[in-house]
Amino acid sequence: RYAARWLVEAAIGADRDEFDAVLDEPVTDRMVAHLDAMVARYRTGEPLAYVLGSWTFRHVDLAVDRRVLIPRPETELVAGVAIELAAAIGPTRLVADLGTGSGAIGLALATELPLAGTTVWLTDASTDALDVARANLAGIGRAAENVRIGHGEWFAALPDGARFDVIVSNPPYVADGSPDLAASVLEWEPAHALFAGPDGLDDIRQLVTGARDRLADDGWLVLEIGHDQGAAVRELFEAAGYRDIEIRPDLAARDRIALARR
């Protein structure tokens, strides 16, 4: 029912607040053709977000397609933690969203943190993903002035010598061959943004180790992790000498957010 309504809203160009008011208006041939095309794609199993071409993440409307992961509610929680930590730092704050994909976390940081004194770096190794992030950057208004974009693997994309108050990432964390992924995710979403070695921790290991040299004193590293990785990620933080380590749950009470202070 919800999917049907969203498809109709997209076809007729009405948002949720306008929908009821226009139900008695005649539709055009173009609207019908648009709806038919979207329904046909949806019936093949293509995820709704890709069919619609956009998805809401916290307070940001994002363009999404097969070049990037679909933003999920769990990642909204990760962004919320990073925003809370960065907001407590002032009067200036330097933050980075590594492996940004569509730009979801980084653009949420840019729009929800104070305009004055905030600089947000969005990075990704995928030029396709950065093209999507740039398109989404254009839609956040004045906050876009605070955003910088870097291309490269993890910390190599950041400016030399810069020390960050908060580094946040939703990295690949699915183990190769994991049976936990839905068929639609495997078929449609980019594999390079999902899989990270035999235990799913290859990229998390790089982030935990590399962030030590890129965080400011007392700076925070915030990561989205797999539901079964909490204990292992805690050990990685401990071995790397972090403090104030926490593993927080998602809305389903499963381990999902790892954070620690340099």
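**Helix 1 and its cover.** I began with what covers helix 1 in this predicted model, and found that helix 2 and helix 3 are among the elements lying over its buried residues. Those buried residues of helix 1, which spans residues 2-12, are A3, L7, E9 and A11. I noted that a helix has 3.6 residues a turn, so residues three or four places apart point the same way. Just after helix 1 comes G13, for which I read a positive phi near 75°.

**The loop at G45.** I then looked up G45, which sits in the loop joining helix 2 (29-43) to helix 3 (48-52). Its relative accessible area is 33%, so I put G45 down as partly exposed, the class that runs between the cut-offs of 20% and 50%. Once neighbours within four places in sequence are set aside, I find G45 in contact with S184 and W188. I also took the C-alpha to C-alpha distance from G45 to P73, which is 21 Å for a separation of 28 residues in sequence.

**The sheet.** Next I traced the strands and wrote down an open sheet of 7 strands, in the order 5-4-3-6-7-9-8, with mixed pairing. Strand 5 (147-151) and strand 8 are the edge strands, each having a single partner, so one side of each has no neighbour in the sheet. From one strand to the next, I have an average twist of 15°.

Within this sheet I followed the pairing of strand 6 (residues 164-169) with strand 7 (residues 215-224), which is parallel and runs over 5 bridges; here I167 faces L221 of strand 7. As for what packs on the sheet, helix 5 touches strand 3, strand 4 (118-124), strand 5 and strand 6, and its direction makes about 170° with that of strand 4. Helix 9 also packs on the sheet, where it touches strand 7, strand 8 and strand 9, and its direction makes about 165° with that of strand 8.

**The hairpin of strands 8 and 9.** I turned to strand 8 (residues 243-249) and strand 9 (residues 255-261), which pair in the antiparallel sense over 5 bridges, with E246 opposite L259 of strand 9. The two strands form a hairpin that leaves 5 residues between them. Which residues of the connecting loop did I check, and are they buried or exposed? D250, in the loop between strand 8 and strand 9, has a relative accessible area of 7% and is therefore buried; beyond residues up to four places away in sequence, D250 touches E74, L77 and R256. A253 lies in that loop as well, but with a relative accessible area of 63% A253 is exposed. I also marked the backbone of A253, whose phi is positive at about 65° although the residue is not a glycine.

**Other backbone entries.** I kept in mind that most residues other than glycine have a negative phi, and that most peptide bonds are trans. Against that, I entered R58, a residue other than glycine with a positive phi near 55°, placed in the loop between strand 1 (54-57) and strand 2 (60-63). R58 has a relative accessibility of 28%, which is why I list it as partly exposed. The peptide bond from G90 to P91 is cis, with omega near 5°, and P91 belongs to the loop between helix 4 and strand 3 (93-98).

**Two helix crossings.** For helix 4 (residues 73-87) and helix 5 (residues 104-112), I have axes that come within 10 Å and cross at roughly 45°, and I therefore call the two helices oblique to each other. Their crossing is right-handed. Helix 4 contributes T75, V78, A79, A82 and I83 to the contact, and helix 5 contributes I105, A108, L109 and E112; by class these residues are 7 nonpolar, 1 polar and 1 charged.

For helix 8 (residues 202-211) and helix 9 (residues 230-239), the axes come within 9 Å and cross at roughly 30°, so I entered helix 8 as roughly parallel to helix 9. Helix 8 passes helix 9 in a right-handed crossing. I204, R205 and V208 of helix 8 meet V233, L236 and F237 of helix 9, and I sorted this contact into 5 nonpolar, no polar and 1 charged residues.

Definitions and conventions. Residues are numbered from 1 along each chain as its sequence is written. This is a predicted model: local features need pLDDT of at least 70, side-chain atom pairs count only at pLDDT 80 or more; totals for chains, interfaces and linings use all residues. Side-chain values use heavy atoms; hydrogens and water are left out. Helices (H or I, at least four residues) and strands (E, at least two) are DSSP runs, numbered from the N terminus. Buried means under 20% relative accessible area, exposed over 50%, partly exposed in between (1.4 Å probe, protein chains only). Contact means heavy atoms within 4.5 Å. Two strands pair if DSSP finds at least two bridges between them. Axes are lines fitted to C-alpha atoms, for helices over the stretch in contact, and angles run from 0 to 180 degrees between N-to-C directions. Angles under 35 degrees count as roughly parallel, over 145 as roughly antiparallel, 65 to 115 as roughly perpendicular and the rest as oblique. A crossing is left-handed if the near helix is turned anticlockwise from the far one by less than a right angle, and right-handed if clockwise. Ala, Val, Leu, Ile, Met, Phe, Trp, Tyr, Cys and Pro count as nonpolar, Asp, Glu, Lys and Arg as charged, and the others, Gly among them, as polar.
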